[in-house]
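The following exercises are to be worked with the sequence and the model side by side. Each task is followed by a solution in steps.

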Amino acid sequence: MIESTTRLDSKVLLTVLFLVSGLVSGCGSSVENSGRPTEAANDSKTAVKAPSEDKLSAADVERNKGAMITIAENSPADTVRVFYKRLHQKNFRDAITLTNLKPAIQGLNDSEMKDLGVDFAFLAKSVPENMPINGEIVTGNTATVTVQMTNEETGKPEVQQIKLRREGDSWVILVADADGERMARKEGKNYFFALRMDVHHQEAKAMLDRIGKAQMIYSMKYGGRFTDLKTLIDKGFVPEDAGNSVSTGYNYEILLASNNSTYTALATPAAYGKTGKLSFSLKITSDAQPQLISKDVSGKPLRN
């Protein structure tokens, strides 16, 4: 059976979801680690030692849960801890406020945040309640915090490096590069929606490609005849995502000729201007190769 698509595995999703998920799933900078706390170094050294609860206040104990070092209040490590805690609690607005994509989240109202909730929600599944922070290095106005996570692919422990910079009395997590940060400042509240549409456009093309390959396999088994979308899903030729726009942002359908000898597969934005702008059509004729076209037709199906 073809596995359902997941944004976490896709390499084309250049959004905060993956800038952030890189910190969660092992997609970012990492080195293998045996489980020992990392050594702090450089201009400003942070002592790296396991916290002793008998020397900490109740607030300190709460702040240091799961950590392999002592975390000082309002330190870079504390900022990372709070960031992940908010992600775990699905408090996405306040979590992203701690990053350099803050300008893109500030202007979103509650309805727009809810609109983006489906895209953000998968992050919370990968975040533990207490992040295993095991290192902090502060050099002037920059810092690196390390967390020990298990790589989902290899099963081995890895140390993920998280970069921060100081802004006034606060630390800011750098989830976007310089270009991404400039774009967030320029686009403001439209930033996430624009990126989400780019993501969905890529996924729609990939899904239609899957449908085309699935139809080819089906036709080889059933005398050159093609079939409808439900059948392809039921037989495991196409992921279940194709039957629901909630996770994909697109509605998919297959238009069959009367004798099932040809077909056209369509992908249409579920909410034009929010989940996508381009409509897609994969057309198959009896004597031609598959032809994929896309066009902005204000959210209408691209039937011609």
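**Exercise 1. The hairpin**

Task: Determine how β7 and β8 pair and what lies between them.

Solution. Strands β7 and β8 run antiparallel and are joined by seven bridges. One point of register is given by Tyr252, which stands opposite Ala267 in β8. The two strands form a hairpin, with six residues between them. Within this loop between β7 and β8 lies Asn260, which has a positive phi of about 60 degrees although it is not a glycine. For context, most residues other than glycine have a negative phi. At 25% relative accessibility, Asn260 counts as partly exposed. The model is a predicted one, and local features such as these are reported only at a pLDDT of at least 70.

**Exercise 2. The sheet and its edges**

Task: Establish the strand order of the open four-stranded sheet, and explain why β7 and β10 each have one side without a neighbour.

Solution.
- Step 1. The order is β7-β8-β9-β10, and the pairing is antiparallel.
- Step 2. The edge positions belong to β7 (250-256) and β10 (291-295); each has a single partner strand, so one side of each lacks a neighbour in the sheet.
- Step 3. From one strand to the next, the twist averages 15 degrees.
- Step 4. Inside the sheet, β8 (residues 263-269) pairs with β9 (residues 279-284) in the antiparallel sense over five bridges. In this pairing, Ala265 has Leu282 of β9 as its bridge partner.
- Step 5. Helix α8 (residues 190-221) packs on the sheet and touches β7, β8, β9 and β10. The direction of α8 makes about 30 degrees with that of β7.

**Exercise 3. Helix α8**

Task: Compare the length of α8 with the expected span, then describe Arg210 and the residue just after the helix.

Solution.
- Step 1. The 32 residues of α8 reach 47 Å from first C-alpha to last, which is close to the 46 Å expected at 1.5 Å a residue.
- Step 2. Arg210 belongs to α8 and is partly exposed, its relative accessible area being 28%.
- Step 3. Although Arg210 and Val238 are 28 residues apart in sequence, their C-alpha atoms are 6.6 Å apart in space.
- Step 4. Just after α8 comes Gly223, with a positive phi of about 60 degrees.

**Exercise 4. Aromatic pairs**

Task: Classify the ring pair formed by Tyr191 and Phe192, and state whether each residue is buried or exposed.

Solution. The whole structure holds six aromatic pairs. For Tyr191 and Phe192, the ring centres are 5.4 Å apart and the planes stand at 75 degrees, so the pair is edge-to-face; the cut-off for this class is over 60 degrees. Tyr191 has a relative accessible area of 5% and is therefore buried. Phe192 likewise is buried, with a relative accessible area of 5%. Elsewhere, Tyr250, Tyr252 and Phe280 form one aromatic cluster.

**Exercise 5. The cores and helix α3**

Task: Identify the residues that touch the most other members of the largest nonpolar core, and the helix that gives the most to this core.

Solution.
- Step 1. The largest nonpolar core has 38 residues, of which Val80, Tyr84, Ile133, Leu164 and Phe192 touch the most other members.
- Step 2. With six residues, helix α3 (residues 76-88) gives the most to this core.
- Step 3. Another core, of 22 residues, lies apart from it and includes Leu229, Leu232, Val238 and Ala242.
- Step 4. Ten of the 13 residues of α3 are buried, so the helix is mostly covered. Among the buried residues of α3 are Val80, Phe83, Tyr84 and Leu87, but also Asp78 and Arg81.
- Step 5. The end C-alpha atoms of α3 are 19 Å apart, in agreement with the 18 Å that its 13 residues should span at 1.5 Å a residue.
- Step 6. After α3 comes Lys90, in the loop between α3 and α4 (92-96). Lys90 is not a glycine, yet has a positive phi of about 65 degrees. With a relative accessible area of 54%, Lys90 is exposed.

**Exercise 6. The chain as a whole**

Task: State how many helices and strands the chain has, and what share of the residues is buried.

Solution. The chain has ten helices and ten strands. Of its 304 residues, 44% are buried. Among contacts with a separation of 6 or more, 56% are between residues 24 or more positions apart.

How values were computed
Residues numbered from 1 in each chain as written. Predicted model: local features only at pLDDT ≥ 70, side-chain atom pairs only at ≥ 80, totals over all residues. Heavy atoms only, no water. Pairing = 2+ DSSP bridges. Axes fitted to C-alpha atoms, helices over the stretch in contact; angles between N-to-C directions. Contact = heavy atoms within 4.5 Å. Core = buried A, V, L, I, M, F, W, Y, C linked by side-chain atoms within 4.5 Å. Buried < 20%, exposed > 50% of the residue type's maximum accessible area, 1.4 Å probe, protein only. Expected span 1.5 Å × (residues − 1). Phe/Tyr/Trp six-rings, centres within 6.5 Å; stacked < 30°, edge-to-face > 60°.
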